[in-house]
Amino acid sequence: MTISRRTLLAAGMATPLATLPILGRPAFAQRASGILRYGLSAFPPNLQPWVSTGASAGTVKLLIHRSLVSYGPDGNLRGELAESWSLDGEGAWVFKLRQGCVFHNGDPVTADDVKWSIEQIAGEKSTAYMRAQFQEVARVEIVDPATVRLVTKTPQATLPSWFGNYNTFILSRKSTPTEFIGAGPFRLVGQERGSSLELAPFDKFYRPGIPKVKGIKFVVYADENLRNAALQSGDVDMIEYVPWQSMAAVEADPRLKLTTQEGPFMDVLFNGTKPPFNDARVRRAVAHAVKRDDIVKVAFFGRGKPLEGVPIVEGTPWWDKELAHGWNYDPARAKALLTEAGYGNGFQTTLLATAQFGMHKDTAEIVQQYLAAIGIQCELQLPDWSTRVARGSKGQYDIAIHGVSADNNDPDGLTVVLDTSLSPAHGRSYRVDAPRTIAALAKGRGEFDQAKRVEIYKEMQRAALEEVPLVGLAWRSQGYGMDKSVEGFVNLPGALSNSSGNMLEQTYFG
Amino acid sequence: MSATWLARKLCVAIFLAWLVATIVFLSLHMVPGDPAELLLSTGGTSPDPYAVAELREKLGLERPLIAQYGSFLAGVLRGDLGNSLVDDYPVLQEIALRLPRTLELIAAGSLLAILVGVPAGVYAALHRGGAFDRAASWVTALLLAVPVFVVGTLLVLLFAQTLRLMPAGGFVAFSQDPAQHMKLLTLPAIAIAKGLAAVLFRMTRAAMLDALAHDYVRTARAKGLAPRRVVFVHVLRNALNPVVTVLGLHMGTLLGGTVLVEYVFNWPGMSTPLLRAVEGRDYPMVVGIVLTISVLFLLINLLVEVVHALLDPRIAHS
């Protein structure tokens, strides 16, 4: 036999040498061409403009479509296809369309398109995320080709913000169920199914100089660690959802930068149809039993903030320092509340979460420990996410852990999680009795005076602290990581962080 | 190997494929989770129940289970695996797009494993007890013990994140950029090859040692045949039978086992839509992919048996 060790070693040495020519960094090639490479956390299940299919899909949709308004860098509404909007004397919302806006097929954006889009969203067969809201619109009147008037069934103070949601866009009425014609600053020009999407600038976008990059290539990295590795290795210029455990490394890397916002939050939901959680005192006991710092430290590596009240974003007019700590950590008070409710010796219950997402599981484990300390023994149930959703919306649980973001920074954006009179859903408590909270939400929605709205929502917070339709646990940090050469991107404040995809239109390489 | 023998094997394979598809179809419908609700809940949002009901109606989920099963079977017989519940994309087209990528990964990993494992096993057997034999035994034990996702993660950390020599993961079509395609293929192929190479090394070494001890080898040497001819014609050919069996079984297993590798390296093969479909209860997609994997697994097994029968005709006769 003539295969010698030397031959074998030589072959082993030769293999890596032979591969050296293909090892090279194309990292700067695309940057030089002005294409922004963006690490997306999930391939959009679909790009149907009005259906909610997640924030990643929303990022892409925000760039290829456009609505009447959007959120600007400061988090306030700004005009897009509408240059102005106001209430008329009869309490209807009037939108004046901007001149020069065209769809990707070259047709101008008209009031007819706006009316058609709203009717599609609110239609009987619609599966749109904002369907329920737009069904509050009694009729859409076309005043002239550039003016629409929305008459609502009841006063709707937050109606303009509906158009800021990343599932509400104005499409050409020539769109078909398979081909959506938008008016965004980019066009979808290619996709590798399941792995990447390519956008090219739309040269007739109404705002001069926008977009600022020559294209965006979205590359999907479902695994958060790989997404972070792709950023650190230079495979992409920017990523969303920087994993909390990697934020420090991104900050420490001289080539990278990180921008974070505390918008999404974790909370405890209750089944209000049976004892003991049909008693607000027991729910309040849960609220005072948990030390939130530990959740922030363990589940989010310190990247977040304790949430001891209703999830109102700090810095907004509705935030109140005292109310924000209405459910402070106070185990003695929690025990007293249990005793008052007749559960002085504690009780056994179940705690539903999911093992599919570490933040849900970690949060649940910490809550379990703190509840045990006041005598509530929880059996942890950690099915997959699909089962968690199914059981949540059917009320098949006692208490549950959830994580979500409000629709926007207005307290009305919390309706979806606080209004337990709405149809059962996995993201809000199951038939918990909270009449004062719900009444205050409705009152605030119908009030147009800002000072009065502030008072109404403070009253809503006071009611919620007593009625406990949910228990806030922690704000979690939402981070975008990027190369230092990436400029112009803004992580929108608070709950709007998920809408920051909009800012990619003004992002550029410095 | 007779036609009857082959026909019998084929019938068993078809029956098993139907059984697998039926079990998956029924079990998937029994576990909790509503595809319509899940689709509209992406991102943790709470969907409007009217929208969920409308979507269920559109997707045909309100029909009785037996009717859905009947439609599925009728579709399979027509060569139609249905459309995804998520985006109405034909399942067959999704598989046609993804399967070649998974097969490419398996082929690259297997080729690498064969190129490393078999020659190393032969060399170790011929130099039994030597330094290489001892070292290789330790290395293969280590390779077998370390899970594939750990190896994958370490490869990414070392070659992508630290050395910045290779991309962290992803996919580019060969037709679009051949060099980048090969770069993206390298690390996942290594991750797949590591376990198989270790197994092939051990199998080859053991089979070679067994074959070397036979009388016909001594006779061949006594006849004065060249050592190379003795090894390759007399020893290796007989030693390859168990190696081929193991290779076939592992390649079949890899069809389902690439899930972690594809996930770690973001390789958009069959695993990604399968995982996503299971999470989203996309029934047609899950059943279609599992059925495809099962059929391929059965075909590979059949192929292994045929090769076996060709290498050793006594198997077909028995």
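**Exercise 1. The contact between the two domains of chain B**

Find how many residues of domain 1 of chain B are in contact with domain 2 of chain B, and describe the side of domain 1 that takes part.

*Solution.* In this predicted model, 16 residues of domain 1 of chain B are in contact with 13 residues of domain 2 of chain B. To place this contact along the chain, note that domain 1 covers residues 3-78 and domain 2 covers residues 95-313; taken over C-alpha atoms, the centres of these two domains of chain B are separated by 32 Å. The next step is to ask which helices supply the side of domain 1 of chain B that touches domain 2 of chain B: helix H1 (3-30) and helix H2 (35-40) of chain B each supply at least two residues, and H1(B) gives the most, with 10 residues. Lastly, sorting the residues of this side by character gives 12 nonpolar, two polar and two charged.

**Exercise 2. The largest nonpolar core**

Determine how many residues the largest nonpolar core has, and which helix gives the most to this core.

*Solution.* The largest nonpolar core has 227 residues, and those with the most contacts inside it are Val268(A), Val367(A) and Ala474(A), together with Ile192(B) and Leu200(B). The helix that gives the most to this core is H8 (residues 178-212) of chain B, with 18 residues. Turning to Ile192(B) and leaving aside its neighbours within four places in sequence, one finds this residue in contact with Leu105(B), Ile106(B) and Gly109(B), and also with Leu254(B), Thr258(B) and Val261(B).

**Exercise 3. A helix of chain B and what follows**

State how many buried residues helix H9 of chain B has, and then say what phi Gly224(B) takes.

*Solution.* Helix H9 of chain B spans residues 215-222, and a residue counts as buried if 20 or more other C-beta atoms lie within 10 Å of its own. By that test the count of buried residues among the eight residues of H9(B) is zero, and the helix is hardly covered. Just after H9(B), Gly224(B) takes a positive phi of about 90°.

**Exercise 4. Strand pairing in chain A**

Work out which strands of chain A pair with strand E7, and which residues are bridge partners of Val148(A).

*Solution.* Begin with strand E5 (residues 93-97) of chain A, which pairs with strand E7 (residues 147-152) of chain A in the antiparallel sense over four bridges. Then take strand E6 (residues 137-144) of chain A, which six bridges join to E7(A), again running antiparallel; a hairpin through two residues connects E6(A) to E7(A). Within E7(A), Val148(A) is the bridge partner of Phe95(A), and Val148(A) is likewise the bridge partner of Ile142(A).

Conventions. Residues are numbered from 1 along each chain as its sequence is written. Chains are lettered from A and ligands numbered from 1 in the order in which they are written. This is a predicted model: local features need pLDDT of at least 70, side-chain atom pairs count only at pLDDT 80 or more; totals for chains, interfaces and linings use all residues. A residue is buried if 20 or more other C-beta atoms lie within 10 Å of its own, exposed if 12 or fewer, and partly exposed in between; C-beta atoms are placed from the backbone. A nonpolar core is a set of buried Ala, Val, Leu, Ile, Met, Phe, Trp, Tyr and Cys residues joined through C-beta atoms within 7 Å. Two residues are in contact if their C-beta atoms, placed from the backbone, lie within 7 Å. Domain bounds come from an automatic or database domain assignment. Ala, Val, Leu, Ile, Met, Phe, Trp, Tyr, Cys and Pro count as nonpolar, Asp, Glu, Lys and Arg as charged, and the others, Gly among them, as polar. Two strands pair if DSSP finds at least two bridges between them.
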